[in-house]
Amino acid sequence: MEVVRGLSLAFMPAASLRAYPEQWWDDVLGIAILGDGDAGLVPPAIPTARIATPVLEGPQSMCEIWRTRGPLETGLRGRVRYRCSDTMLFGALEIGEGAVPVGGASRLQHATEAAYREVFGLLDEKGYRALFRAWNYFPGINDEADGSERYRQFNAGRQEAFRAGGRSTTGHVPAACALGTAGGPFTLYFLALREAPVAIENPRQVCAYHYPQQYGPRSPTFARASLALSEAPPVLFVSGTASIVGHRTLHPADVVAQTEESFRNIAAVLAEAGRVAPDGTRFGLRDLSYKVYVRHPADLGAVRAGVREHVGSEAPVVFVQADVCRADLLVEIEASGGHAVEEA
Ligand code: 3EB
């Protein structure tokens, strides 16, 4: 018997959104527009994240659309636009750094902390307390500003907001990614759950929340993957995964070897997820959907060849340009599984 899946993902060209009638949006939780997004195509009630990560093949603008079974509730709290089902809440917000007062801490740190405080306020109020997956984007991730690297400032703001929100900064933390865009405000989109997911770590890697101080005074707050056993079938998000073993970058300046190492890491995370998931759950490399962040567009061909070798020709994959959070990382790969995949 075919399982009726509660959550589904579609990757499709932004231009094809024009073809759909108003009702098509009724059970859309939220959407991310990657590349040169045309804002006019999405009804204003739909939480929408516009991410300036240039799409590296196919149309100039791709959508990542999350859909679930209705009925859905729609709302705006502060700057967070959200939509939710019985079990799950999708939200999106952006905070311009210019709008943040400059104090002792950097403007990016303030923007990040403000964003997460708003998110936690919403999640507490609506009763979806468990942050499941967070996607973080902002320009100049490897730049130095106000005396430190911007990725470190982001980490400080995120960790502070977790503390202020009474949330754990180790152990039960969400899956995430943090990438540098070509421009735009600090942008966060996320999924949250009523029932806590299981955080999954990678035995090949030091937990990111235990990275040593050399990577910044405040550790990143994320798990290598997050598994929602409350969904039927279970849904898995694998965080942005790069060529890191232990806590060190491996294969600097070798994008082919970095892609290989990233897949060794993803495979290790999937093996961990498989031990926690019920029998019959399929989290093989070929069963997932992927977003691949490539630092240098010229590396696309080499990265794509490596990716297809591991995931096969059928798995949905979107390749975009983005800056990865360590200057020596050339590629980062994220994945999700368990949800349905909607054909465009
Ligand atoms: C790493 O493993 C690579 O700060 O939210 C991957 C996934 C990375 C998430 C984040 C950072 C983040 O450390 C970078």
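**View 1. Strand 11 in the shell around the ligand.** Strand 11 gives the shell around the ligand three residues, the largest share. The model is predicted: local features need pLDDT of at least 70 and side-chain atom pairs count only at pLDDT 80 or more, while totals for chains, interfaces and linings use all residues. Residues are numbered from 1 along each chain as its sequence is written, and side-chain values use heavy atoms, with hydrogens and water left out. At least two shell residues each come from helix 2 (150-164) and strand 11 (175-181). Helices (H or I, at least four residues) and strands (E, at least two) are DSSP runs numbered from the N terminus. By class, the shell holds nine nonpolar, one polar and three charged residues. Here Ala, Val, Leu, Ile, Met, Phe, Trp, Tyr, Cys and Pro count as nonpolar, Asp, Glu, Lys and Arg as charged, and the others, Gly among them, as polar.

**View 2. Residues that come nearest to the ligand.** There are 13 residues around the ligand, and Tyr-151, Arg-158, Tyr-211, Arg-224 and Cys-325 come nearest. A residue is near a molecule if one of its heavy atoms lies within 4 Å of it.

**View 3. Polar contacts of the ligand.** A polar contact is a pair of N or O atoms within 3.5 Å; within protein, one must be able to donate a hydrogen and the other to accept it, and residues adjacent in sequence count only if both atoms are side-chain atoms. From an N or O atom in the side chain of Tyr-151 to an oxygen atom of the ligand is 2.5 Å. For Arg-158, a polar side-chain atom lies 2.7 Å from a ligand oxygen atom; for Arg-224, the distance from a polar side-chain atom to a ligand oxygen atom is 2.8 Å. The ligand taken alone exposes 360 Å², of which the protein buries 99%. Accessible areas come from the Shrake-Rupley method with a 1.4 Å probe.

**View 4. The cis peptide bond before Pro-71.** Gly-70 and Pro-71 are joined by a cis peptide bond with omega about 0°. Pro-71 sits in the loop between strand 4 (61-68) and strand 5 (73-77).

**View 5. The cis peptide bond before Pro-233.** Between Ala-232 and Pro-233 the peptide bond is cis, and omega is near -5°. The loop between strand 14 (225-228) and strand 15 (235-241) contains Pro-233.

**View 6. Positive phi at Asp-146.** Although Asp-146 is not a glycine, its phi is positive, at about 50°. This residue, Asp-146, lies in the loop between strand 9 (144-145) and strand 10 (148-149).
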